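Thanks for sharing this one with me. Here are my notes, point by point, for you to read alongside the coordinates.

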Amino acid sequence: MVRRAGTTLTGLLHRRLPAPPERLRVGPFRADAFTSPLRSERLTSQLGIALGTTFTICFVTGILSHGIQHPPSWFAWPSRPADLYRVTQGVHVATGIVAVPLLLAKLWSVYPRLFEWPPARDLAHALSRASVLVLVAGGLFELTTGILNIARWYAAMPFFFTTAHHWVAWITVGALVVHIGVKLPIVVRALRRGSVAVDASRRGLLAAVTATAGVLTLATVGQTLRPLTRIAVLAPRHPDIGPQGLPVNRSAVQAKVTDLARDPAYRLRIDGPRPATLTRARLAALPQHTVELPISCVEGWSATGHWTGVRVRDLLALVGAPPGARLRAESLETGTSYTHAVLPASHCRDPLTLLALRLNGAPLDLDHGYPCRIIAPNLPGVMQTKWVGRLVVLP
Amino acid sequence: VKAIRVLLGVFGVAAAVYGVANLVLTGPPPVVIGRYVIFAAVADVAHDLLLAPLALVAGALLARLAPAWLRGVLRAGLLVSAVVTLVAFPFVLHRGYHPSNPSALPLDYARGLLVTLAAVWLGTAVAAAVRYVQCGHGHGEHGGAGAAPAAGLPDGDRRDPGLGQGP
């Protein structure tokens with residue numbers, strides 16, 4: 001019975017589908033439409049391995065970033081090393097940029113397959129092509145939305161970037177893993193067979209693709225890698241440009257907090273076992289500490305500042321928070337999903353985590369979160385709440 | 001190998017189903033998911049029917065117009081230029097700029113693109129000079145300049161009968 005069902009399924013998958021009439025086989029569908037001797041299984045395999053590697057790196061670092069921001073109960077993100085997130089997210093964005101020439105070259109190398117004849121030999125063939133369509137469309141979707149996002153061109157995306165980029169990544173990587181399973185024998189065969197006659201040309205193409213990736217990297221990666229900042233002529237950020245010499249992701253005007261943040265009646269509320277209400281002067285009178293920490297943006301840039309303020313663990317002690325407590329920092333800003341963030345217990349304990357009042361020797365600029373902001377090691381900038389109005393101790 | 005392939009298939013389908021299920025169950029309303037599909041389809045069609053054919057036409061022109069010794073270097077220069085321009089395009093347009101936040105997109109990206117392209121073509125010219133010295137006129141496929149020979153994206157070695165047919 002089982003065997004018969006299996007046979008039926010295999011039979012169904014491989015039963016020939018009727019081919020379209022031959023007279024429709026025109027233009028790119030002709031057998032001799034594509035003639036470049038550069039295309040080969042070996043070239044496609046090598047590009048595929050490189051591209052698959054970049055997508056894997058992007059997926060792992062991306063899921064990590066998502067996990068840090070929306071931690072499942074089993075996930076804990078440490079507060080050290082302080083620069084870890086700056087590296088993982090810098091790698092995420094830089095690798096995504098490198099993937100652009102790889103994807104384009106890979107698609108060129110298999111472009112004739114788009115015009116295969118007949119378009120579907122059997123059901124198995126049709127399914128395989130459908131999975132490639134998901135992979136190609138998903139890959140283009142991820143790279144396009146990623147670049148639009150670091151270019152901050154949100155209007156070009158008629159949806160919320162983060163949700164789309166995250167879930168389409170799962171679908172794309174799923175299709176990628178299926179694709180690897182389908183093509184594995186071809187890749188093994190192509191790489192075992194060794195070089196062919198046009199090897200110099202193939203190496204030349206690979207060199208050109210590598211050069212493209214290199215130029216793109218040199219022109220952008222200085223947004224997080226300081227030694228290359230001077231030549232980063234296409235970087236979305238410059239680590240030295242901004243109020244107090246540090247870039248800003250969202251200005252006070254954009255967040256519509258200008259009046260609230262400047263209000264002389266501003267008080268910080270801390271909700272805990274012994275709630276407290278503090279003026280900014282009172283906060284400044286508490287023991288102050290200075291730390292050197294980066295702002296590491298989800299957009300892949302990072303810049304180091306010298307922050308001065310009150311240790312979060314001192315504030316927790318002030319309101320009698322139990323050991324192991326977490327803290328929700330709420331902004332004066334309202335109406336978006338980025339108005340509050342929960343600091344994990346490890347970050348609350350860390351002496352580097354501050355409620356900062358000053359940056360690089362001067363009171364915080366309004367755009368950096370005046371009257372006070374959270375600054376913590378090894379966290380995305382989006383979780384380092386600015387214009388803090390309320391702190392809530394969570395058990 | 002067969003077992004590995006089956007495992008890959010199972011994991012891949014599971015990941016994709018996980019993505020689709022979460023999108024449908026916890027994600028935005030169907031209208032918005034429809035926009036994902038449209039966006040992906042537009043990106044796909046723009047590549048398949050616009051970008052790729054343009055590259056093929058450029059390659060065919062190159063094969064017809066450029067001398068063989070120069071072809072590979074020229075292709076490489078064109079490939080780098082085209083992809084860099086494509087990636088820089090949203091920055092040059094500067095649509096993400098907000099006057100209240102001058103530190104986001106703080107540079108002149110049109111200038112940045114021109115500077116990058118100038119550097120690319122300087123490099124291309126140097127590579128071409130090296131090729132010229134190495135191969136002299138008309139014998140493009142000889143010699144072994146590591147980075148330069150016969151590189152490039154597009155189709156079109158139609159006129160090089162010695163190289164055989166593509167897939």
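1. Let me start with a pair of residues in the sheet. A:Glu330 has A:His340 of strand E6(A) as its bridge partner, and A:Arg328 stands opposite A:Val342 in that strand. Both pairs can be found where strand E5 (residues 326–331) of chain A meets E6(A): the two run antiparallel and are joined by four bridges. Please keep in mind throughout that this is a predicted model.

2. Staying with E6, which of its side chains are buried? Along residues 340–343 of chain A the side chains alternate, with A:Ala341 and A:Leu343 buried on one face. A:His340 and A:Val342 point to the other face and are not buried. This fits the usual pattern, as side chains in a regular strand alternate between the two faces of the sheet. So the two E6 residues named in point 1 as partners, A:His340 and A:Val342, both belong to the face that is not buried, where buried would call for under 20% relative accessible area.

3. Zooming out, the sheet is open and has five strands, in the order E2-E1-E10-E5-E6 (chain A), with mixed pairing. Its edges are strand E2 (276–278) and E6 of chain A, each of which pairs on one side only. On average, neighbouring strands here are turned by 15° against each other, direction ignored.

4. A few overall figures for chain A may help you place these details. Its secondary structure comes to eleven helices and ten strands. The radius of gyration is 27 Å, whereas a compact globule of 395 residues would have one near 21 Å. The C-alpha trace spans about 85 × 60 × 35 Å along its principal axes. Of the 395 residues, 53% count as buried. The accessible surface is about 17,200 Å², and carbon and sulfur atoms account for 64% of that. Among contacts between residues at least 6 apart in sequence, 71% join residues at least 24 apart.

5. Now to the packing. Nonpolar side chains tend to be buried together in soluble globular proteins. The largest nonpolar core here has 51 residues, and those touching the most other members are A:Val100, A:Val209, A:Leu234, B:Val83 and B:Phe91. Two or more residues each come from H2, H3, H4, H5 and helix H6 (199–220) of chain A, and from helix H2 (30–65), H3 and H4 of chain B. H3(A) gives the largest share, ten residues. There is also a second, separate core of 39 residues, whose members include A:Leu278, A:Ala321, A:Leu327 and A:Cys348.

6. What does B:Phe91 touch? Leaving aside residues up to four places away in sequence, B:Phe91 is in contact with A:Ile147, A:Ile150, A:Ala151 and A:Pro236, and also with B:Leu105 and B:Tyr109. One of these, B:Leu105, deserves a second look: although not a glycine, B:Leu105 has a positive phi of about 60°. B:Leu105 lies in the loop between helix H3 (68–93) and helix H4 (109–135) of chain B. Is B:Leu105 buried or exposed? With a relative accessibility of 1%, B:Leu105 counts as buried.

7. Chain A has a residue of this kind to check as well. A:Arg152 is not a glycine, yet its phi is positive, at about 60°. Its place is in the loop between helix H4 (123–150) and helix H5 (161–193) of chain A. A:Arg152 is buried, because its relative accessible area is 7% and the cut-off for buried is under 20%. As background, most residues other than glycine have a negative phi, and most peptide bonds are trans.

8. Speaking of peptide bonds, where do the cis ones in my notes fall? One joins A:Arg80 and A:Pro81, with omega about -5°, and A:Pro81 lies in the loop between helix H2 (41–69) and helix H3 (84–109) of chain A. Another runs from A:Tyr370 to A:Pro371, with omega near 10°. A:Pro371 sits in the loop between strand E8 (362–363) and strand E9 (373–375) of chain A.

9. Finally, a charged residue that I would like you to look at. B:Asp44 is in helix H2 of chain B. B:Asp44 counts as buried, since its relative accessibility is 8%. Not counting residues up to four places away in sequence, B:Asp44 touches A:Leu133, A:Val136, A:Ala137 and A:Leu140.

Note on methods: Residues are numbered from 1 along each chain as its sequence is written. Chains are lettered from A and ligands numbered from 1 in the order in which they are written. This is a predicted model: local features need pLDDT of at least 70, side-chain atom pairs count only at pLDDT 80 or more; totals for chains, interfaces and linings use all residues. Side-chain values use heavy atoms; hydrogens and water are left out. Buried means under 20% relative accessible area, exposed over 50%, partly exposed in between (1.4 Å probe, protein chains only). Two strands pair if DSSP finds at least two bridges between them. A nonpolar core is a set of buried Ala, Val, Leu, Ile, Met, Phe, Trp, Tyr and Cys residues joined through side-chain atoms within 4.5 Å. Contact means heavy atoms within 4.5 Å. The radius of gyration is taken over C-alpha atoms; the globule rule is 2.2 Å times the number of residues to the power 0.38. Accessible areas come from the Shrake-Rupley method with a 1.4 Å probe; for residues, only the protein chains shown count as cover. Axes are lines fitted to C-alpha atoms, for helices over the stretch in contact, and angles run from 0 to 180 degrees between N-to-C directions.
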